[in-house]
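Biologist: Before we discuss the fold, could you put the model up and take me through it?

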Amino acid sequence: MHRGDGLVVKACILSVSGPTLTAAEARLFATQQPWGVILMGRSCVSRQQVRTLVDDIWQALGRPCLIFIDQEGGRVARLKAPEWPLFPRGRDYADLHARDAEKGLSAAWLGHRLIAAELSSLSIHADCAPVVDLPVAGAHDVIGDRAFGTDPESVAALAGAALKGLAAGGVAGVIKHIPGHGRSMADSHMELPRVTAGDNELASDFDAFARLADAPMAMTAHISYDAFDANVPATLSKIMIQDVIRQRIGFDGLLMTDDLGMKALGGSLGERGHAAIAAGCDVLLHCSGFLSDPDAILAEMTEVAAAAPILSGRALERAERAEAMSTRQEEFDLVEGWQTFKSYFPQMAGAA
């Protein structure tokens, strides 16, 4: 996936309102040129429909952009059964890893290699997975069973295997939610969670992400951390992005926001977008996950696109690194892969 020479691309990832691209959305994409497009569940009905939608998006843009999706497995899966296979939760891999570390790592790689096969067949080459958060006792279950466990070493090992499985299938992974969402006592979709843990406690959260600092992309947490920048979401905090994420954790890949429409962030969508870029985010993400009216979704996408700067400099270099992964797909025996994977999770209802 490469942009044409001289084409200006904006630092945002937008979405569409349904299973087909409307004429107004096509005009928005043509004029604003978002770097990527994310497909929500409302846009995923059947394999042929998704392929047609991606073709229409690329036709509107005049280029093949990176298509994103949230396909973690478990409860966060935009491609749903029975049209698509079910995949295990992060906790299922963690449980297997606890019983047999080698099998757990093999399953995490294989499960995400199989997810990559599904995505690549639809021309989707970016997955907002894996979750690298470390949930603590009493935290909100917004992370919960999506996590690969609670200790940084095993979580990073399983998430690293997942990233490699995706990459082997030509899909760039997005680690999330940096610098750590596991201590949140609230759902950032609805309000701004405040983490009161001190530096010593947060060190383990940061450690899990530091072990994966070479990941191609990461998604920020809409959470404030009292120990560093109280009452300011990490997504909008220069301290959290520049001092913690870039320097202390050492992440140098593409940093994208979580959905700008989530209620943890104050102000208008435009204000959120400008603040996130000023804080150090490379790319804005907007999904309109709370809306269903196409006109309202289009209005939000237009506002975010207007706030997004031209993708350039280090942000562009990081974006191109992620794009390049879409062209690298290793040979893989799909039938044998499914047979082995089902031996790890015989209760799984998925089908090859």
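Biologist: What radius of gyration does the chain have, and what would a compact globule have?

Modeller: With 352 residues, a compact globule would have a radius of gyration near 20 Å, and the value for the chain agrees with this. The radius is taken over C-alpha atoms, and the globule rule is 2.2 Å times the number of residues to the power 0.38. This is a predicted model, in which local features need pLDDT of at least 70 and side-chain atom pairs count only at pLDDT 80 or more, while totals for chains, interfaces and linings use all residues. Residues are numbered from 1 along each chain as its sequence is written, side-chain values use heavy atoms without hydrogens and water, and the radius for the chain is 19 Å.

Biologist: What percentage of the residues in the chain is buried?

Modeller: Buried means under 20% relative accessible area, with a 1.4 Å probe and protein chains only. Among the 352 residues of the chain, the buried share is 59%.

Biologist: Which helix gives the largest share of the largest nonpolar core?

Modeller: A nonpolar core is a set of buried Ala, Val, Leu, Ile, Met, Phe, Trp, Tyr and Cys residues joined through side-chain atoms within 4.5 Å. The largest one has 86 residues, and Phe 29, Leu 39, Ile 57, Ile 67 and Phe 341 have the most contacts inside it. Its largest share, eight residues, comes from residues 152-168, a helix (a DSSP run of H or I, at least four residues, numbered from the N terminus), namely H5.

Biologist: How many residues are in the other core, apart from this one?

Modeller: The other core includes Cys 128, Met 217, Ala 315 and Ala 319. Its residues number 24.

Terms used
Buried means under 20% relative accessible area, exposed over 50%, partly exposed in between (1.4 Å probe, protein chains only). Helices (H or I, at least four residues) and strands (E, at least two) are DSSP runs, numbered from the N terminus.
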